[in-house]
Amino acid sequence: MTSAANTPLEAPIRADNVPLAVMVIVGAIFAMSAGDAVIKALGANVSLGIWQIFAVRSVIAIPIVVGLAAVTGGIATLAPRAAGWITLRSMLLTGVWLAYYASLPVLPLSVAAAGLYTLPLFITGFAAIWTDDRVTWVHGIAAAIGFAGVALVLRPGGEAFSLYALLPVLGAMLFGLAMTVSRVKCQSENPLALVLNLHIVFVTVGTLGLVAFAALPSLERGGFLLSGWTAPSGDDWWLVGLLTASILAASIGTAIAYQRAPIAIVGTFEFAYVGFASLWGILFFAEVLDLVTVIGLIMIYAAGVLTVRAKA
């Protein structure tokens, strides 16, 4: 790989470790998919709204992150080197989860996952713009196959299609931008500093949402997106605890993986989410995948394999 000084965005130097990055990203994706299955269950029952989840989950996560930093390297390691870029990354990721979580109560988990995991295709494109990675004809074929697979799963224009299906694709674009920023502008940052900043932004956005509902009593309410503060039950606290563990594992793992390997390689292994999400959908939500959906999911996975081979 050529020096990042030759690219439009400057990247600090850190040694790559591709096997470690792959192992970490698959574990992070497993944790993320499990947490998203919990979010879908919460959204269906509307026991807690999205703004409350953002705020409460991260209020619990922040002292855990600080404690991990204190044990592993000292509190000083949480000081960011590029606070502006880290905050931009966190805002993009907050937009990812906002868009994706808004779709989960409405869409089957496997369908939402297929839309979100157009992600590696966006990552490849952004990497070509802002790093020295090249887009070849193989990437073009992979993109065509991947988007064709997504079309089979989402089936735009069909009776079952919902505009909510576009929200995961929006999330994929924002995630691709966030991971590109991670690779080219935040590579030398302590992963825990990235995670701490992310949860500070989560708390800020969640609190603003809750304050808006409290300050505007006439604001229309109802559903996962339009709910203010609700007193959590005992079961809700257990679920929030699971969500906190999930987001910590996913955010720390994602930060490490994208620092330690090329964007396109790590991004391709993000496709594991589609398989995990389909499994949770079958096991916990009795979602039945028809043949067309299965073919679409296989095509999405094949697009990822092509991307990896093009980078070999």
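**Cavities and a surface patch in a predicted model**

The second largest cavity has a volume of about 40 Å³. This structure is a predicted model, and two cavities of 30 Å³ or more are found in it. The largest cavity encloses about 50 Å³ of space. Besides these cavities, the briefing covers a nonpolar patch on the surface, to which I60, I64, L68 and W237 belong, and two residues of helix α2, namely L68 and Q52.

**The second largest cavity**

- The residues that line the second largest cavity are M32, D36, V96, W97, Y100, L116, Y117 and F175.
- Seven of the lining residues of the second largest cavity are nonpolar and one is charged, while none is polar.
- Helices α1 and α3 each contribute at least two residues to the lining of the second largest cavity.
- The greatest contribution to the lining of the second largest cavity comes from α3, which provides three residues.

**The largest cavity**

- Around the largest cavity stand M32, G35, D36, R57, W97, Y101, L243, S246 and I247.
- Two or more residues of the lining of the largest cavity come from each of α1 (18-45), α3 (83-103) and α9 (234-260).
- Sorted by class, the lining of the largest cavity comprises five nonpolar, two polar and two charged residues.
- M32, D36 and W97 are among the residues lining the largest cavity, and M32, D36 and W97 are also among those lining the second largest cavity.

**The nonpolar surface patch**

- On the surface, I60, I64, L68 and W237 make up a nonpolar patch, and together they have about 330 Å² of accessible area.
- Helix α2, which spans residues 50-72, gives the most to the nonpolar patch, with three residues.

**Two residues of helix α2**

- L68, a member of the nonpolar patch, lies in helix α2.
- L68 has a relative accessibility of 37% and therefore counts as partly exposed, since this class lies between the limits of 20% and 50%.
- Q52 is likewise located in helix α2.
- The relative accessible area of Q52 is 1%, so Q52 is buried; the cut-off for a buried residue is under 20%.
- In sequence, Q52 and V205 are separated by 153 residues, whereas in space their C-alpha atoms are 9.8 Å apart.

Conventions:
Residues are numbered from 1 along each chain as its sequence is written. This is a predicted model: local features need pLDDT of at least 70, side-chain atom pairs count only at pLDDT 80 or more; totals for chains, interfaces and linings use all residues. Side-chain values use heavy atoms; hydrogens and water are left out. On a 1 Å grid over the protein atoms alone, a cavity is a set of points where a 1.4 Å probe fits but cannot get out, and a pocket is an open set with protein on both sides within 12 Å along at least five of seven lines; lining residues have an atom within 4 Å of a point. Grid points are joined across faces, edges and corners, and a volume is the space filled by probe spheres set on the points. Helices (H or I, at least four residues) and strands (E, at least two) are DSSP runs, numbered from the N terminus. Ala, Val, Leu, Ile, Met, Phe, Trp, Tyr, Cys and Pro count as nonpolar, Asp, Glu, Lys and Arg as charged, and the others, Gly among them, as polar. Patches are made of residues with over 30% relative accessible area and no salt bridge: like charges are joined within 9 Å, nonpolar side chains (Val, Leu, Ile, Met, Phe, Trp, Tyr) within 5 Å. Accessible areas come from the Shrake-Rupley method with a 1.4 Å probe; for residues, only the protein chains shown count as cover. A salt bridge is a side-chain nitrogen of Lys or Arg within 4 Å of a carboxyl oxygen of Asp or Glu. Buried means under 20% relative accessible area, exposed over 50%, partly exposed in between (1.4 Å probe, protein chains only).
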